[in-house]
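This report describes a single protein model, taking its charged pairs, a sheet, a helix and its cysteines in turn. The sequence and the structure are shown first.

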Amino acid sequence: MDFSKLERVALTVRMLAVDAVEKANSGHPGLPLGAADFATVLWAKYLRFDPRNPSWANRDRFVLSAGHGCALIYALLHLFGYDLSLEEVKSFRQWGSKTPGHPEFGVTPGVEATTGPLGQGTGNSVGMALSGKLLAAEYGAELFDHRVIALVSDGDLMEGISSESASIAGHLALNNLIWVYDDNKISLAGPTSVCFSEDIPKRFEAMGWWAASVDGHDMRAFSQCMDEALKVQDRPKIICARTTIGFGSPNKAGHFDVHGSPLGADELKKTKENLGWPSDKSFFIPEEVKAFLADLIEEKRRYVGGYEERFSAWVKQNGELAAKLKTQLSRTLPGDLKQELLATFKEPKKDATRNLSGQAIQTIARKVPFFIGGSADLEPSTKTSIKGSPEIQAESFKGRNLRFGVREHGMGAVANGLAYSRAWVPFTATFLTFSDYMRPTLRLAALSELQTLFIFTHDSVYLGEDGPTHQPVEHAMALRAIPNLLVFRPADGIEVAMSYYAALSHQHGPSALLFTRQNLPALERRPGFNPDEILNGAYIVSGEEVSDLILVATGSEVSLAVEVAAKLKAAGKAARVVSMPCMELFLKLDDAKRAALIPPRARKVSLEAGITMGWERIVGLDGVRIGIDRFGASAPAEVLAKELGLSVSAVYARIVGDLNVP
C-alpha cells in the first residue's frame, strides 16, 4: 500500500468534511480532521466491500458509533464510489439530503447503523459481529467471514451501554470485532481529564479483549497495529488511536471548540494553507486521488466478484441449505405460520399471557429458523427460552438462545445490531418497568425501521407484592409515544398468536409485546369472529348490536370490561366491548373502519391498568378514561384492583355515575 498516496486521500477526506460543515454552518469538524488518517487506512486497506453492491451479505461493516463525526463517513462514501454524489455532500444537514446531521440507516448508501446517541453504535457493532458468527456456524466460514470495525469516541466509552456491550462481546469472544477508539482527549465541553481518567486498555483487557495503543496519525504504525489485531483469533480487539481533534487547524486543534462548531471562514482558510491545500477551492478532489481510488475500488470489486463466483458454486452444491439461506436473508415467513400460531391455542384456557407468549415462541422457533433472542437474565420469568435449542456461547454459535445478562440497554443495542444484518428477527425480554433502560434502543429501532421484537412481561401493577418499583403504570403509553413502534397488549391466547403474527409480518419497524404475570381467562367472543380482525388493532368482542355505549380495553382489562358489560346488561344497560391489542394499527385504519368499531357519537369508556393520558385519542375528551394515574403499591393483585378502582363494582359505578347511564 502506497502510504504517500493514502496521506493525500486522508487530506482530501479532511477537506471535504470541513467544507461540508462550513457550507452548512453546522456540524462537527473536529473528529473528521482528527480521525481521517486511520479511517482512510481502514477503508483503503482493510474493509472489503463493493460500493455498487452496498448490501452484499459478506461485506465488512464500518460503524461510526461517534455519529457526530458523520462528515467523515460521507466524505469516505463519496470518495470510495458509493451512490453519494458530491452534490449530496454539499447538501450536508439540509432537508431531503442523503447526508443528515447524524448517520441514518436506510438514508445514506453504505451507512450501516443509525448513530449519534453515544454508545448505541458500540452495541450495534457487537450485534453485527454476533450475526457474522451465527451465519458462519450455520452456513460455513467460507461464506461468512466478514469483520465489523467500529469507530468509537470518548463519549461512546463513557456511556454505560458501551461497557454492557463490550462485556457481552468479551464473554462471547467475538474475534471478528474491532473497535478503534479515537483517543483525542477532548469532549464537547472540555478536556476529558476533568471527568474521564480510566485506563482504557486495562478496562477492556479485564473484559476479555485484546488492546493496543498507537499514534492515530501515523498510518504505517496504525496499519501494523491492525495487522497484529487481525492475527488475534480468540477475542475482540480495541485499538486506542491517539489523535489530535481538529488536526491541522492552527488555532483550534486540540481544543474543545472544534468539536461541534464550524471552523469559520478565516480559520478554514488558515487550515487549508497549513495543510498545503488550495485555500481558494471548496469540495476539491485532486485528479491523482480520483485515479488512485478508482484502482483501489476496482481491486475491491474484483475481490467481491471472486466471492460471488465461489458463492454461486456453493449454491449449486448445497441446494437445500442455499434455499434456507435465501429465505433467511429475505426474512420470508412460512405460509402456514398464522394457522400454526392459532393452532397453538386451539384449546383456550386461563393462563398468564407471559406463559401463552412462551408457547407462541416455541411455535415460531419451530417454523422460523431466523427467530433468535433472549432476556436480561429473566428466562424463568419472561418464558422466552427456546426449548431444544442450545445456548449461544463462545464455544459454539449453533443455537438461538442468547444470554444477555442483566444488561437491558446493551441487550437492546445488540439485538438491533442483529436486525441491521437483515438476516435475523431478534427478540429481547425483560420486565415492562425496565423498558426505561432500553428506551434509546427502542427509539433507534423505530427510526431505523428495524424488525426487533421487544418482549416485556409483568405489564401492570398486578405483578403484585414486588411493589411500585417494579409495577409499570406509565410505560405502555410511553412506548406508544414512539413513532413507528407497534405496541401489543394481548388479552388471551388468540390475541397473543395474532400479535406475534403481526409483529413478524411488520418488517419495517419494531414491535413491543406486553404480557401479564397474572392469569387471565380465555375470552368468549361474539359469533362470527375472525382472528384476522385482530390485525386491525381492535375488534368487537361482544355487543356488536350496541352502538351507544362502548367499552374499549387492552390486555388484562378486556376480561374486566366483559364482566362490567355483563353487569350493565343485567341492569338493563347494554354495552359493546372492544378489545384494542394494538392502538397504532387501529389508528392507521380509515375513518369508516374506526367508526364501525367505535361510533363517534357513542358514549365511550377506556379501561387499562396504566395512565389514562393518551386515551383521549380513542374515547375523546368527553369519554371516561379509567386507569391508574399514580404509582402502585406492594400488595396482592386482588387488593390492588379494589384499592385502585379497577374492580368490577368500582368500574361499573364509575361508568353509571360519569356517563349518567340510565
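What follows is a description of a predicted model, beginning with the salt bridges and ending with the cysteines.

**Salt bridges**

The structure holds 36 salt bridges, and three of these pairs are set out in the table.

| Pair | Closest N and O atoms | Location |
|---|---|---|
| Glu138 and Lys398 | 3.5 Å | helix H5 (residues 120–139); loop between helix H15 (379–382) and strand E10 (401–403) |
| Lys270 and Asp266 | 3.2 Å | both in helix H10 (residues 265–274) |
| Asp459 and Arg489 | 2.8 Å | loop between strand E12 (453–457) and helix H18 (475–480); loop between strand E13 (486–488) and helix H19 (493–505) |

The salt bridge between Glu138 and Lys398 links distant parts of the chain, since its two residues are 260 residues apart. Glu138 counts as partly exposed at 26% relative accessibility, and Lys398 is likewise partly exposed, with a relative accessible area of 42%.

The pair formed by Lys270 and Asp266 is set within one helix, H10, where the two residues are four residues apart, or about one turn of the helix. Lys270 is partly exposed at 35% relative accessibility, and Asp266 is partly exposed at 49%.

Asp459 and Arg489 approach to 2.8 Å between their closest N and O atoms, and because each lies in a loop, the one after strand E12 and the other after strand E13, the pair ties together parts that are 30 residues apart in sequence. Both Asp459 and Arg489 are buried. Elsewhere, Arg48, Asp60, Asp145 and Arg147 are joined into one network by salt bridges that share partners.

**The five-stranded sheet**

Five strands form an open sheet in the order E1-E2-E3-E7-E6, and their pairing is parallel. Strand E1 (61–64) and strand E6 (210–215) stand at the edges with a single partner strand each, so that one side of each is left without a neighbour in the sheet. From one strand to the next, the twist averages 20°.

At the E1 edge, four bridges join E1 to strand E2 (residues 148–152), the two running parallel, and Phe62 stands opposite Ile149 in E2. Helix H9 (residues 219–231) packs on the sheet, where it touches E2, strand E3 (177–183), E6 and strand E7 (237–242), and the direction of H9 makes about 170° with that of E6.

**Helix H3**

Which part of helix H3 (residues 70–79) is covered? Ten of its ten residues are buried, among them Cys70, Tyr74 and His78. The buried residues of H3 pack against several other elements, namely helix H1 (3–24), helix H2 (30–46), helix H4 (86–90) and helix H11 (287–317), together with strands E1 and E2; E1 and E2 also belong to the five-stranded sheet. Just after H3, Gly81 takes a positive phi of about 90°.

**Cysteines**

How many disulfides does the structure hold? The number is zero. Cys70, in H3, is buried with a relative accessible area of 0%. Cys195 is in no disulfide, and the nearest cysteine sulfur, that of Cys240, is 17 Å away, whereas a disulfide would require a pair of cysteine sulfur atoms within 2.5 Å. Cys195 is exposed, with a relative accessible area of 52%.

Notes
Residues numbered from 1 in each chain as written. Predicted model: local features only at pLDDT ≥ 70, side-chain atom pairs only at ≥ 80, totals over all residues. Heavy atoms only, no water. Salt bridge = Lys/Arg side-chain N within 4 Å of Asp/Glu carboxyl O. Buried < 20%, exposed > 50% of the residue type's maximum accessible area, 1.4 Å probe, protein only. Pairing = 2+ DSSP bridges. Axes fitted to C-alpha atoms, helices over the stretch in contact; angles between N-to-C directions. Contact = heavy atoms within 4.5 Å.
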